[in-house]
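Me: Please take a close look at one helix packing in this model, and set a second packing and a few single residues beside it. I would like the cut-offs stated as you go.

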Amino acid sequence: MTTSLINALSILTKPVRETRLGGVTPQEALLSALQRNQVELQECLSAVESEEAQCLLEEVRGEVAWFCGDTEDLTWSFVQECLLLLLCLARHLSRLLEAFSKSPAGLTPEKPHLPDVAPPLPPDVLSIAQQKTLGAVLQFLVTLGLCPYLAPGVGLGLGLRSAFGTVVEGAVRCDALPPCERRLLTTITVFLEVSKVSCLATLLFTRHLGDLMAGLCQLGYRPHRPEGESTVSIKGLTVEERKGCKQALQGLLGRVYQPIVIKELLVLQGGAKASAGASAALTRAPPWLRRLCGQLLSERLVQPHGVQAVVRAILEGGIGGDSDWRKCDAVAKILATCPQQSTSADSYYSQVCPQVLELLHFKDKTTAQQFQRVATRAVLTIVQDQPEFGQRFLLSPLFSPLHRCAALPDPACVAGEDVSQHAVPELELTRCVEDVYKICVVGNSPSAMLLSSLGDAFPIIFNLFCFTKQNVSHLRAPCQEILLWYLSHTETSLALSLLKDLCVIQKDGGGVTSGFQFSPGSEGGATLTCRQPISDEDDALYEKVLGDQWRVECVVQLLAEMKESDLPGELFLFLLRDLTQWAGEEQQTEVHVDMTSMTLLELEQQLEGRVHGRGQRLALLHTMAVMCEGLPHTLLLRKPSQVVGFIGSMLRRACVGLQRGSESPVDSQTLCMGMGLVATLLSEAAQLTAEDHSCMTELLAPLEQVSRCHPDPVIQELARDLRASIATHGAYRPDSVTSAAHILSHPAGSDTPQPKPVTPTPSPTASCSLGPRAAMSGPSLPQHTLAATPVKTDQTQVPAASSLHGEGECSGTVGASISSASSAPEKAFSDWLHEAYDPDVPTRTMALRALTQAVREGHKRALESREKLLTLFLESLEHEDSFVYLSAIQGLVVLADSFPEQILNRLLAEYQVSPNTAPASRGRSLETRLKVGEALMRASRAMGELAPHYGRPLLAVFLRGTRDQDASVRTSSLSNLGELCQLLHFSLGPLAQELSTCLTTLIKTEREVEVRRAAVHVIVLLLRGLSDQAPQVLGDILLELYRALKWVVRSDSDEVAALHAQLALEELDGVMRRFIFPQQKLEKKIVVLP
């Protein structure tokens, strides 16, 4: 009977096959087709084979109360027939399913289930053709029985869907019986009953859910007096019917997949009000419907998994472009805003915020990124706009596992209890760190509330970071990024105080509860466990000291990563000020205290205070020592203001010694270094800004104290001159300041002056060579002796500062040597250029070497004549004598070092063979090319750190040379390629695949033995040059190179190539062993215990 009912439905929806006559409107044609199909249906049902379906149809027609047999509207008559047949089909399938469910798997004793036979299908399984027919029926019912009776603005109008919708609107007669609202109620009621059958519900909800929801909203919630509408008010619906529609709508919203429901509600809510001259994408819904959809959306949002449903509804189907990111931000803003329909903001955020945090834990790669973006932006927006609710419902649960690490009870205080119940599990701790990383580092939107909450958990995260640095854990990187993000965005004063606490200088650094520690987890994370107690006091003290030292080293490692921040320098100056302050307090603490009049409690407090103070000083000294050892001076003193602060600490430290009346050698050298640095800064006054001059005013007070209290009149005078120069912002600069700056920047034994003395740093050579009087004796010496520059001779080096010891006659000798050395090349250059073409080999060779030396020394005439020299050296390459062409090669190398771009391009052009080269001259060209290749190889060796910049063109030419016709050129190109690959290091990464393909192809296909040997040797040089960096640079091609080398060892008949391959394999074996098993370094340190 299922087939009969579906065939009857197909008759009703059968298209008209006859050609429409002229003069007939589309509405008339539609009505004629509907009437003809109904007549044909009656004829079909009267047949003998359809008696059972006819009986069921009459039974259903008698049960329903909505059937109207005398209606004058042909469209509604057609709809009634379709509804009756659809209702018959639904009831018939329900009876079949009920019978099928009573017999397990549809089995009967007559038809037992066999092992090789598939179980029978349920009776509601429809074929594709049947589903297509039912889909067409549902579309007719929605078009003729539902959409025409929706109020304007409710749902999507028929005219906006297709041109056929306009025809339908003209064919429907709303003035005929039954009323429009009663027709809409009938269609909706049948749809709801039909949806109880799963196969029919799937067809209905996947295509017409929005129309069904629109009808239920209109029937249940449309006011009796429409707001601003010209339609007639609702007639014929009782209160019970309206209440039933409301309940049906709520039940429908709970049954269907929530993202689809939310999408349809957004469509029903309509678009925004269109501006003048613009067309809205969606019809603007009436106010009552907008309010209803907003309320329903709010209910969907606060229910379990409602936030996820909203996010999926809006973001599903995205492709990850810019529009998706804007959608994510828009969804986050919606989630962060409490809707007007919500009962209270507290209730809304208490239900939504936990769901927002759950969005951070998705593992599906396709949705995790978008969900995390929404969650991160929502959290940051709520914390920024609603700090109270953000703290209660977001930040407190977010940081709860970290706070529990610090709030656990001490194991000693919970004797008899199982301390394992207080531990924080690995999964919870890992998820907490990852969530904090996503919100803080990835979100990167600092706010006062977020920084405050993170600051409270900072010691625990730092303890976890210290643990990960000693173990292998995937939490190391996120912990480090979180710590660096906080230090970069928080206030400098808070960061300095926090870092000082972590170094155990000011107070206990905080962290986990005493008696607990982090331990490795089973998944590569960490878990908080109880620490085994140590009975021996010495061992416990040793463990504590080691822990404190490791914390300091971890702090320094963090600061080393902040290369673009001033925080390392600020911390260094902060500790220097504390050191100077404690140095001034030493004199007071050394005063004898009368302990006879103290009580035992006062005496104990006095002794504990002294011990604590000394412990803090030791921690301070240890921290500064580790910072000086582990951080470069360019990070500690990045700008002139920090240099000024460093100088101020040095001067104040020296002033402390002057106040005591006892000047130690250390204080004297500190004072000399500080004043020399001040003079060096003032010598570059043109580079100092107004802010730098303002910072230097803090040096006026210590310089004034030095000028009054220091016993040496020379130092007093220099202090006064420095003070005057600072006060005038460098306008007044006496000779003593210039001399002191020159002495500091040109220490004895240095080859060249420092190019940038704006940020000087103390060096052992300078501090040891400048005594209090020797360093300050410069102002009384002649200016020409101080301005002399050191000159290197073949035997010794004459320093400019030698005149400081009274050897004034050396300055004349130095000046004479400079003049003679500079005039000799000027006189001989033209002669050398002429002799370079002399047929005598020794004369020509000497001239070429002299010209090379002139270029190396930067002789002006030689640099101006570089084109002539380049032509000369290239022509000399064709000479047959080795002395001549080797000297020419050396000259080309020196020229390439001075003018890399110009010379290298010319050499590369000479190295590449021209396709127009005559065969007769190809042999001669081959020798020249090999010599040019030798010059290129030596030039690449001399590049040094510039190899990544200038090496790309060389690499391209050498790779092309490996395909040359001549085997000698291929071998030369491979040799040069090996030398160049040793210098490129990480710059080789983008070309590694091309290089690997070239080498492996030559190894396996080249016939010439020398070329195969050279290809294998390139791999040896490549691995030797990269060393431990090989897994990073050649990660993708290491396997290919390894297989090629193994192939040479096993298959190549040449023993030399096999030997080279074996050496390369040994090199690769050593690299991988060091990569997989890093060397364990055992260092012995002497530690002064407090």
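Reply: Helix 15 and helix 16 are oblique to each other, because angles under 35 degrees count as roughly parallel, over 145 as roughly antiparallel, 65 to 115 as roughly perpendicular and the rest as oblique. The axes of helix 15 (residues 345-358) and helix 16 (residues 365-385) cross at roughly 140° and come within 9 Å, the axes being lines fitted to C-alpha atoms, for helices over the stretch in contact, with angles running from 0 to 180 degrees between N-to-C directions. Helices here are DSSP runs (H or I, at least four residues), numbered from the N terminus. This is a predicted model, in which local features need pLDDT of at least 70 and side-chain atom pairs count only at pLDDT 80 or more, while totals for chains, interfaces and linings use all residues. Residues are numbered from 1 along each chain as its sequence is written, and side-chain values use heavy atoms, with hydrogens and water left out.

Helix 15 passes helix 16 in a left-handed crossing, that is, the near helix is turned anticlockwise from the far one by less than a right angle, whereas clockwise would be right-handed. From helix 15, Tyr349, Cys353, Val356 and Leu357 meet Ala375, Ala378, Val379 and Ile382 of helix 16, where contact means heavy atoms within 4.5 Å. The residues of this contact divide into eight nonpolar, no polar and no charged; Ala, Val, Leu, Ile, Met, Phe, Trp, Tyr, Cys and Pro count as nonpolar, Asp, Glu, Lys and Arg as charged, and the others, Gly among them, as polar.

For the second packing, helix 5 (residues 128-145) and helix 8 (residues 180-194) have axes 10 Å apart at an angle of about 155°, and are therefore roughly antiparallel to each other. Their crossing is left-handed. Leu138, Leu141, Val142 and Gly145 in helix 5 meet Arg183, Leu184, Thr187 and Phe191 in helix 8, and the residues of that contact divide into five nonpolar, two polar and one charged.

Turning to single residues, Gln258 lies in helix 11 (residues 258-269) and counts as buried at 15% relative accessibility, buried meaning under 20% relative accessible area, exposed over 50% and partly exposed in between (1.4 Å probe, protein chains only). Gln258 touches Leu253, Arg300, Gln303 and Ala309, not counting residues up to four places away in sequence. Gln1029, in the loop between helix 44 (1009-1026) and helix 45 (1030-1033), is partly exposed, with a relative accessible area of 28%.

Methods: Helix = DSSP H or I, 4+ residues; strand = E, 2+ residues; numbered from the N terminus.
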